[in-house]
Amino acid sequence: MNKRFLLLSGWVMIILLIACTPDEKIKEVTPPPETELKRIEDIKIGFSMDTLQEDRWFKDRNLFVEAAEKAGVKVEVTVANGDDVKQVWQTEKMISEGIDVLVVVPHNAESMAAIVERAHDAGIKVLSYDRLVRNAEVDLYLSYDNEKIGILQATAMTALVPKGNYVYLGGADTDYNAHLMKQGVFKVLKPYIDRGDITVVFNQWTKDWVPEVAKTNMKTALEVNNQQVDAVIAGNDATAGAAIEALAAHNLAGSVPVAGQDADLAGVKRIVEGTQNLTMYKSIDDLSERAVELAIKLAMGEEIQEDRTINNGKINVPSILLPPVPVNLTNIKETVIADGFHEEKDIYQ
Ligand code: GAL
C-alpha cells in the first residue's frame, strides 16, 4: 500500500513539475536570429548598377539614394558600365567590405548568378532590381511587368497596323527583361502571323541596348525589305529613336508607327512631334522607394509578401511587379507630367 502511494505521488510530482514549468522559460532559451536585432541606422545597402546609359538609370540612382537617406540607412552605389567582370568585382568588394543587403541591376543576367551565391555565403540577401538575375537563388525580384510591356506595345501597334510588315528591335539578349518583353510582343502578334496578316520581316536583339546598334539593324531591315516596313516595335525609347533616325533617312519617319518604352524625354517629345506613337511609363519614384523599403526588410529578416513568382531557371523567385502605363498623344498630361516625371515646358518647348 505504502509503496504504491509513494510511487504515485512521485509521478504526480513529476507531472506537476512539468505542468508548472512556465513555457516562456523554454522559449527564451533559443534567442532570435542575429538579423532581427539590426537597427535601421546600422544597415548598409549595396546597390550594384549595370549602366547609366539611359536617362532612366540616372533617376534610379538618384531617387534610390534619396529614398535610402530618407529611411536613415547607408547606401553604396557602383556602376559597371556594361562590364561583367567589373560588376562582379565591384559587388565582391562591397560584400567583403560589409553590406547588409545587396540590390543588383545585372548587366548580364547569367554572370551575376555567382555573386548571389557569394552574397548568401556571407549571410547577405539579394534583391534583383528591375532586371532578374538568372539561375540563382535570388531572394526577391522587384520590377515592372516586362511581359505586360510587350503585350501593351503589340496591342497598341496591331490596333494601328493590323496588317503588314513588322520590324522587331529587341533589347539586349543578356537582359532577361528583353526576353520577357519579346515573349509578350509575340504572344499578341502570333494570331496575326498565323492568319498571314502580319509578317515579322526583321527580328534582332540590340547588343547592350546600344542605339547605334539598333540604327544599323533598322537600316538593314529597310534595305533587305525595300523599305516595305509598316510598323516597328523597339525595346526602349533610345532604340526606338535610333530606328526613327533610320526611317527619317527614307522619309518614313512619322508614317511608320513606332513603339518604345521608358517614357524618356526624347521619346515623349517624339510622340508630340508624331514620329513615335507609344512609350511605356514606369514610375522610377515608385520603383526606387519600394526597393529601399524592401531592401531594409530583407536586411532585417522581415517577412515580405510577394505578388507572384517568376522562374529564373533555378527557382521560382518571389516577385513584386508594378504595372507599366502606356503613354501616347492622348495621355501625356495625366501620366508623365502629372507625376512630375517630366516638366510640361521640357516636353513642348
Ligand atoms: C531594361 C529596362 C529598360 C531599359 C533597358 C536599357 O532592363 O527595363 O527600362 O531602358 O534596360 O537599359
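Q: Before we start, which residues count as nonpolar, which as charged and which as polar?
A: Ala, Val, Leu, Ile, Met, Phe, Trp, Tyr, Cys and Pro are nonpolar, Asp, Glu, Lys and Arg are charged, and the others, Gly among them, are polar. Also, keep in mind that this is a predicted model.

Q: Got it. How does the lining of the largest cavity split up by class?
A: Seven of its residues are charged, four are polar and two are nonpolar.

Q: And how many cavities of 30 Å³ or more are there?
A: The count is one. The largest cavity holds about 110 Å³ of space. It's lined by 13 residues, and the ones closest to its centre are Trp 57, Arg 131, Asp 175, Trp 209 and Gln 261.

Q: What about the ligand, which cavity does its space belong to?
A: The space the ligand takes up is the largest cavity.

Q: Which residues surround the ligand, then?
A: Going along the chain, you meet Glu 54, Arg 56, Trp 57, Asp 130, Arg 131, Asp 175, Asn 177, Trp 209, Asn 236, Gln 261, Asp 262 and Lys 282. That shell has seven charged residues, three polar and two nonpolar.

Q: How far are the polar side-chain atoms of Glu 54 and Asn 236 from the ligand's oxygens?
A: For Glu 54, one such atom lies 2.8 Å from an oxygen atom of the ligand. For Asn 236, the distance is 3.3 Å.

Q: How much of the ligand does the protein bury?
A: It buries 100% of the 310 Å² that the ligand exposes when taken alone.

Q: Changing topic: how much space is in the largest pocket?
A: About 170 Å³.

Q: Which residues line that pocket?
A: Among them are Lys 125, Asp 139, Leu 140, Lys 297, Gly 301, Ile 304 and Pro 318. By class, the pocket lining has six charged residues, four nonpolar and one polar.

Notes:
Residues are numbered from 1 along each chain as its sequence is written. This is a predicted model: local features need pLDDT of at least 70, side-chain atom pairs count only at pLDDT 80 or more; totals for chains, interfaces and linings use all residues. Side-chain values use heavy atoms; hydrogens and water are left out. A residue is near a molecule or strand if one of its heavy atoms lies within 4 Å of it. A polar contact is a pair of N or O atoms within 3.5 Å; within protein, one must be able to donate a hydrogen and the other to accept it, and residues adjacent in sequence count only if both atoms are side-chain atoms. Accessible areas come from the Shrake-Rupley method with a 1.4 Å probe; for residues, only the protein chains shown count as cover. On a 1 Å grid over the protein atoms alone, a cavity is a set of points where a 1.4 Å probe fits but cannot get out, and a pocket is an open set with protein on both sides within 12 Å along at least five of seven lines; lining residues have an atom within 4 Å of a point. A molecule sits in a cavity or pocket if more than half of its atoms lie within 2 Å of its grid points. Grid points are joined across faces, edges and corners, and a volume is the space filled by probe spheres set on the points.
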